[in-house]
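Work through the exercises below with the sequence and the model open. Each task is followed by a solution in steps.

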Amino acid sequence: MSSPSVSRKQIILEIKGKIKIHCDLKRHLSPRTVGTIMRSLPLEGHAHFLGKNIAYFETALDSGIERSTKEFKKGDIAFLSSTGSICFFVDDASPGKIMTPIGKILENIDALKDVKSGDVFCLYEETA
């Protein structure tokens, strides 16, 4: 049984009507951005793809760029400040856009490959 952590927040990424995927938002990666996202949960939006490696949905969040990088691994979660999008990396990718790393997908990463445009992503905090 894991105890709650200040630096790690377990959240659920639900593809409505399909699957729930456990994720971690990691405050130490980008404290300001993760804090903004946590205070804004639940978040919901239509699924989109950036190439074949990145599933994302747009939000109204505005957090700026924090500890940005351009290289991401399969399972990473990042925030694209220019569009307020939360991005999920299905495979290793260098999208050519600067993004803020915010967490990790913990399971079922490959389920994101079956997402269709128009599916609805819902991101919310896990409750006991």
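A salt bridge is a side-chain nitrogen of Lys or Arg within 4 Å of a carboxyl oxygen of Asp or Glu. The model is predicted.

**Exercise 1.** Decide whether K113 and D110 form a salt bridge, and find the network they belong to.

Solution.
- The closest N and O atoms of K113 and D110 are 3.5 Å apart. The cut-off is 4 Å, and the pair counts as a salt bridge.
- For burial, the partly exposed class runs between 20% and 50% relative accessible area. K113, at 44%, is therefore partly exposed, and D110, at 42%, is partly exposed too.
- Through shared partners, salt bridges join K74, D91, D110 and K113 into one network.

**Exercise 2.** Describe the salt bridges R8–D24 and K104–D76, and state which strands they connect.

Solution.
- The structure holds seven salt bridges. In one of them, the side chains of R8 and D24 meet at 2.6 Å, N to O.
- R8 belongs to strand β1 and D24 to strand β2, so this pair ties together parts 16 residues apart in sequence.
- R8 is partly exposed at 33% relative accessibility, whereas D24 is buried at 1%.
- K104 and D76 meet through their side chains at 2.5 Å, N to O. This pair links strand β8, which holds K104, with strand β6, which holds D76, across 28 residues.
- K104 is partly exposed, with a relative accessible area of 28%; D76 is buried, with 13%.

**Exercise 3.** Write out the strand order of the sheet and explain why β3 and β4 each have one side without a neighbour.

Solution.
- Nine strands form an open sheet, in the order β3-β9-β1-β2-β8-β6-β7-β5-β4, with antiparallel pairing.
- β3 (43-46) and β4 (48-50) stand at the edges with a single partner strand each, so one side of each has no neighbour in the sheet.
- From one strand to the next, the twist averages 30°.
- At one edge, β3 pairs with β9 in the antiparallel sense over four bridges. E44 stands opposite C122 in β9.

**Exercise 4.** Which residues touch the most other members of the largest nonpolar core, and which elements give two or more residues to this core?

Solution.
- The largest nonpolar core has 28 residues, and I37, I86, F88, L112, F121 and L123 touch the most other members.
- Elements giving two or more residues to this core include the helix α1 (31-40) and the strands β1 (8-15), β2 (19-26) and β5 (54-58). The others are β6 (76-80), β7 (85-89), β8 (100-105) and β9 (120-125).
- A second, separate core has nine residues, among them Y56, F72, C87 and F89.

Key: Residues are numbered from 1 along each chain as its sequence is written. This is a predicted model: local features need pLDDT of at least 70, side-chain atom pairs count only at pLDDT 80 or more; totals for chains, interfaces and linings use all residues. Side-chain values use heavy atoms; hydrogens and water are left out. A nonpolar core is a set of buried Ala, Val, Leu, Ile, Met, Phe, Trp, Tyr and Cys residues joined through side-chain atoms within 4.5 Å. Buried means under 20% relative accessible area, exposed over 50%, partly exposed in between (1.4 Å probe, protein chains only). Two strands pair if DSSP finds at least two bridges between them. Axes are lines fitted to C-alpha atoms, for helices over the stretch in contact, and angles run from 0 to 180 degrees between N-to-C directions.
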